Amino acid sequence: MKRDVAPRKRLGRQDWTAAALLALGEGGLRAVAIEPLAVRLGATKGSAYHHFPNRDALVAATLERWAAEHTEAVIAAVRDEPDPLRRLRLLITKVITEDEDASIELAVLAAGDDPLVAPVLRRVTERRVDYIAEIAREIGFSPAKARRRALVVYSTYLGHAQLVRMSPAVLPETRAAQRVYLDEMVEVLSAGLDG
């Protein structure tokens with residue numbers, strides 16, 4: 001008697017990098033390892049080695065996915081807003097409300113001295129700060145002041161991410177309180193940007 005067995009889905013690079021991003025957020029860079037990811041995916045290690053010659057290649061691909069999803073996709077989502085002040089508000093709202101679990105972000109930051117992570121983290125940080133500074137310049141700030149404001153905005157985001165991860169109890173709990181918090185954050189960060 002023949003048993004019907006569902007064919008196993010063939011895993012691609014995207015499956016591996018998605019699992020690696022989750023592992024990164026849960027356990028840091030050390031958790032991005034082929035054997036435990038294979039177990040998590042119900043696959044063999046050979047499946048990983050079909051797509052990545054080694055762990056370093058998997059880590060590099062995972063970091064590129066992080067950069068694309070957590071930076072370029074966010075910028076693309078807000079770029080079409082023609083009013084720069086509204087675009088800044090939209091950007092802040094998007095990163096604060098849609099990235100409620102900042103574990104991946106913080107794991108990348110924690111591994112910032114790793115030789116695989118450092119150049120990607122540096123590139124992503126520069127891209128983010130440059131984009132915020134671009135918005136501030138569109139509003140009318142000088143390049144130097146726009147850059148300083150961008151650093152303040154980005155530092156605030158990183159501080160918020162740390163609070164979400166380490167001390168969520170200090171953050172507002174209700175939706176109404178969260179909206180007020182977000183409005184006040186935007187107000188502080190955009191002070192002086194409207195004229």
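A nonpolar core is a set of buried Ala, Val, Leu, Ile, Met, Phe, Trp, Tyr and Cys residues joined through side-chain atoms within 4.5 Å. Buried means under 20% relative accessible area, exposed means over 50%, and partly exposed lies in between (1.4 Å probe, protein chains only).

This is a predicted model, in which local features need pLDDT of at least 70, side-chain atom pairs count only at pLDDT 80 or more, and totals for chains, interfaces and linings use all residues. Residues are numbered from 1 along each chain as its sequence is written, and side-chain values use heavy atoms, with hydrogens and water left out.

**Exercise 1. The overall build**

Describe the helices, strands and extent of the protein.

Solution.
- Step 1. Count the elements. There are nine helices and zero strands. Both kinds are DSSP runs, numbered from the N terminus: helices are H or I with at least four residues, strands are E with at least two.
- Step 2. Take the extent. The C-alpha trace spans about 75 × 35 × 30 Å along its principal axes.
- Step 3. Check burial. Of the 195 residues, 39% count as buried.
- Step 4. Look at contacts (heavy atoms within 4.5 Å). Among contacts with a separation of 6 or more, 68% join residues 24 or more positions apart.

**Exercise 2. Surface and charge**

State the accessible surface of the protein and how far apart the mean positions of its charges are.

Solution.
- Step 1. The accessible surface comes to about 11,300 Å². Carbon and sulfur atoms hold 55% of this surface. The areas come from the Shrake-Rupley method with a 1.4 Å probe; for residues, only the protein chains shown count as cover.
- Step 2. Count charges. Lys and Arg are positive, Asp and Glu negative; His and the chain ends are not counted. That gives 28 positive and 27 negative charges.
- Step 3. Place each charge at NZ of Lys, CZ of Arg, CG of Asp or CD of Glu. The two mean positions are 5 Å apart.

**Exercise 3. The cores**

Find the residues that touch the most other members of the largest nonpolar core.

Solution.
- Step 1. This core has 29 residues. Trp-16, Leu-24, Leu-37, Leu-58, Trp-66 and Val-108 touch the most other members.
- Step 2. Trace the suppliers. α1 (13-27), α2 (34-41), α4 (55-78), α6 (103-110) and α7 (117-139) each give at least two residues.
- Step 3. Another core lies apart from this one. It has 23 residues, among them Val-74, Ile-132, Ala-133 and Ala-146.
- Step 4. Return to Trp-16. Neighbours within four places in sequence are left aside; its contacts then include Leu-37, Leu-41, Phe-52 and Leu-58.

**Exercise 4. Two helix lengths**

Compare the expected span of α7 and of α8 with the distance between the end C-alpha atoms.

Solution.
- Step 1. Use the rule: expected span is 1.5 Å times one less than the number of residues.
- Step 2. α7 has 23 residues and should span 33 Å; its end C-alpha atoms are 33 Å apart, which agrees.
- Step 3. α8 (residues 143-166) has 24 residues and should span 34 Å; its end C-alpha atoms are 34 Å apart, which agrees.
- Step 4. See what follows α7. Gly-140 does, with a positive phi near 130°.

**Exercise 5. Enclosed or not?**

Explain why α6 is largely enclosed by the rest of the structure.

Solution.
- Step 1. Six of its eight residues are buried, so α6 is largely enclosed.
- Step 2. Name the buried ones: Ser-103, Ile-104, Glu-105, Leu-106, Ala-107 and Val-108.
- Step 3. Find the cover. It includes α1, α4, α7 and α8.
- Step 4. Turn to α8. Its buried residues pack against α5 (84-97), α6, α7 and α9 (175-190). Among them are Ala-146, Arg-149 and Tyr-157.

**Exercise 6. Three single residues**

Decide whether Pro-168, Leu-182 and Val-120 are buried, partly exposed or exposed.

Solution.
- Step 1. Pro-168 sits in the loop between α8 and α9. At 48% relative accessibility, Pro-168 counts as partly exposed.
- Step 2. Leu-182 belongs to α9. At 8%, Leu-182 counts as buried. Beyond neighbours within four places in sequence, Leu-182 contacts Ile-92, Thr-93, Ile-96 and Thr-97. The C-alpha atoms of Leu-182 and Ile-96 are 7.9 Å apart, although 86 residues separate them along the chain.
- Step 3. Val-120 is in α7. At 8%, Val-120 counts as buried. With the same neighbours left aside, Val-120 contacts Leu-63, Glu-64 and Trp-66.
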